[in-house]
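Here's a walk through some of the features worth clicking on in this model. Have the viewer open as you read.

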Amino acid sequence: MDHSGSIKMTGGEMIARMLQLHDVQVMMGMGGFQLLPMYDAFRRFNLRHYLVNDEKTAVCAMDAYARVTNKPGVCDASLGPGATNLVTGLVESFNAGIPLISLVGDTNRDHSWKNMTQECRQSEILKPAVKELIRIERLERIPEMVRRAFSVAASGKPGPVVLDVPEDVCHGEGEITEAHFQANRLVKRVPSQRCRPEAREVERAADWLAKARRPLLLVGGGIHISEAYSPLLELAENNGIPVGHTISGKGAIPCSHPLSAGVFGRYSRIANDLIQSSDLLIVVGCKLGEIATKRFQLIQPGVPMVHLDIIPEEFGRTTPADICLLGDARLGLEDLAAAVGDKAEKARAARREYVAEIPERMKIWRQGAESKLRSAERPINIARLYEELNAVMPERSVLVADGGFAAHWGGLLYDTKSAGRMFVANRGFASIGYGLPGTIGAKLGAPDRAVVGVTGDAGFNMMIGDLETARRIGLPLVIIVVNNSASGYVKALQHLLYGSEGYQSSDLSETNFAGVARAMGCEGVRVEDPGDLRRVFEEVISGSAGPVVVDVVVTRDPAQMLPGVDNRIARIEKGDRIA
């Protein structure tokens, strides 16, 4: 090949070459005629691409892959229904700030709007779901447009980008020089670039922090995008500041750390009480949305607040901030720690009694929850399920939690043992059905770590066909099905609002999912006795040749289904009743 001259290749081959240059390791999707030259190039270039049984699996799996690697996930879909099946997953990535590239086939431009098979206004449907939709109109601009897609996906607040590829562009052949094939190394993972908040505002925040008696850090999912674990822990330890987190922010510091206040918001151990008594809240990488603020009622007016975020539009959206620090979480926390400087030691000493409250409060909370965490009830109490998971999950393992109960119970009860994205929950859109594909994607991104997914039976039913995908790939992962024979969250809310006579369209058939798994060529284990949980979890997590489904038969009592291990459902605020 003459690097100084031109090369003849198809559009699909150009796309594949650019993906190689951006260090794309794995892709998922479902092909159609429009993108077949790209698939052919994948084959010839030995690029790892996996067929899925539903396009939602591809986009959700690559979302989870991006979360555990901080590299853009890549998926693809065919024209029309393939493209529209991506929407839910794309909105998840968009809301959560997860970098994703989605390649979507489109009609031949010579015949567009002539009732082509499966033709629809897919660009108009997809555009609101992504940071940017890029339509490739000219063959020779493919390298430029792919570079643009990665740049947008990985910059600022990361997010999904759609590359819309007309059939004739992908199938067409053109002359192009080797010089066109370049990649920006900065956009191969996130954050692609970092910016610091204004120094004057950092100094103001440091002065407030030095004087506060009961400061509290409230951390969201942005801490993972920035990988700001070390400066967060340093600031917390050196200054004596407890750390609360959202469901997405779990793992900001190890849950076992004496400064960890656990999750705050709709579900809380001790963090909500600390918020009420705090005289300074430092919010980092958190949107302070409905769940985190108990429908905007948790944080009372007048409590001083410092808000550090990469997106200025989030400042004051739900809760007024007194000091707004616009910048990367890692750099902002480093600067804040540096600005406090020598004042930290004195402040930490003054907060000694305050800091000592945290493990003591946690101990009291656990004593109150002990009967549920150790429950011998049959069917199994969900709290007991998570208690046994805490006991056996390895330190660097990953737990993927589906939308609904899996994430809510996991956010409240699951304990990460080290800092990092060890708990993956789709809180951007919180749709059910994420559990299985998310576990597949997390295992592809972390092949050397134990990866376990928790999903409900309703969510598992949605995506059960892609258990075949996990088997075909040969992924040694574990899927725990929380089997309550219901759309449990809806049924629990109906119980709360209308009592035991108010159930409508919330019950499912009793299904043995372990038997289903075995029929699909996977390993399946059904657990009905809580005394068997730990043994089974130890066995399946320690290693297997392929996917394992653990079907856990949990309580059918709707009054026991909502997280909050004391089960005093009547205490849920009226404004919290509608999820």
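## Backbone oddities

A residue counts as exposed when its relative accessible area is over 50%, and as buried when that value is under 20%. With that in hand, keep in mind that this is a predicted model, then look at N46. N46 has a relative accessible area of 68%, so N46 is exposed. You'll find N46 in the loop between helix 2 (36-45) and strand 3 (49-51). What catches the eye there is the backbone: phi of N46 is near 60°, a positive value in a residue that isn't glycine. Most residues other than glycine have a negative phi.

K294 does something along those lines, with a positive phi of about 50° even though K294 is no glycine either. K294 sits in the loop between strand 12 (280-284) and strand 13 (305-309). Is K294 buried or exposed? Its relative accessibility is 16%, so K294 counts as buried.

## Two cis prolines

Most peptide bonds are trans. The bond joining V190 and P191, however, is cis, with omega at about -5°. P191 belongs to the loop between strand 8 (173-177) and helix 9 (199-211).

There's another cis bond going from R378 to P379, where omega is near -5°. P379 lies in the loop that runs between helix 15 and helix 16, and those helices come up again further down.

## A parallel sheet with helix 9 on it

Now for the sheets. One of them is open and built from 6 strands in the order 11-10-9-12-13-14, with parallel pairing. Its edges are strand 11 (260-263) and strand 14 (323-326), each of which pairs on one side only. From one strand to the next, the twist averages 15°.

Inside this sheet, strand 12 and strand 13 pair in the parallel sense over 4 bridges. If you want a pair to click on, I282 has V306 in strand 13 as its bridge partner. Helix 9 packs on the sheet, where it touches strand 9 (215-219), strand 12, strand 13 and strand 14. The direction of helix 9 makes about 130° with that of strand 14.

## H224 and its neighbours

H224 is part of helix 10 (residues 222-226). How buried is H224? Its relative accessibility is 1%, so H224 counts as buried.

Leaving out residues up to four places away in sequence, the contacts of H224 include N70 and Y229, the run S248, G249, K250, G251 and A252, and also G420 and R421.

## Another parallel sheet

Another open sheet has 6 strands, this time in the order 16-15-17-18-20-19, and the pairing is parallel. Strand 16 (423-425) and strand 19 (523-527) stand at the edges with a single partner strand each, so one side of each has no neighbour in the sheet. Neighbouring strands here are turned against each other by 20° on average, direction ignored.

Strand 17 (residues 451-456) and strand 18 (residues 478-483) pair in the parallel sense over 5 bridges. One pair to look for is T455, whose bridge partner in strand 18 is V481. Helix 16 lies across strand 15 (398-401), strand 17, strand 18 and strand 20 (548-553). Against strand 18, helix 16 runs at about 160°.

## Helix 16 and its helix partners

Besides lying across strands, helix 16 makes contacts with other helices. The axes of helix 15 (residues 352-373) and helix 16 come within 8 Å and cross at roughly 105°. Angles of 65 to 115 degrees count as roughly perpendicular, so helix 15 is roughly perpendicular to helix 16. R366, K372 and L373 of helix 15 meet A383, R384 and E387 of helix 16. Sorted by type, these contact residues are 2 nonpolar, no polar and 4 charged.

What about helix 17? The axes of helix 16 (residues 382-392) and helix 17 (residues 405-413) come within 10 Å and cross at roughly 55°. That makes helix 16 oblique to helix 17, and the crossing is right-handed. From helix 16, the contact uses I382, A383, Y386 and N390, while helix 17 brings A406, W409, G410 and L413. This contact divides into 6 nonpolar, 2 polar and no charged residues. Note that A383 turns up in the contact with helix 15 and also in the contact with helix 17.

Terms used: Residues are numbered from 1 along each chain as its sequence is written. This is a predicted model: local features need pLDDT of at least 70, side-chain atom pairs count only at pLDDT 80 or more; totals for chains, interfaces and linings use all residues. Side-chain values use heavy atoms; hydrogens and water are left out. Axes are lines fitted to C-alpha atoms, for helices over the stretch in contact, and angles run from 0 to 180 degrees between N-to-C directions. Angles under 35 degrees count as roughly parallel, over 145 as roughly antiparallel, 65 to 115 as roughly perpendicular and the rest as oblique. A crossing is left-handed if the near helix is turned anticlockwise from the far one by less than a right angle, and right-handed if clockwise. Contact means heavy atoms within 4.5 Å. Ala, Val, Leu, Ile, Met, Phe, Trp, Tyr, Cys and Pro count as nonpolar, Asp, Glu, Lys and Arg as charged, and the others, Gly among them, as polar. Two strands pair if DSSP finds at least two bridges between them. Buried means under 20% relative accessible area, exposed over 50%, partly exposed in between (1.4 Å probe, protein chains only).
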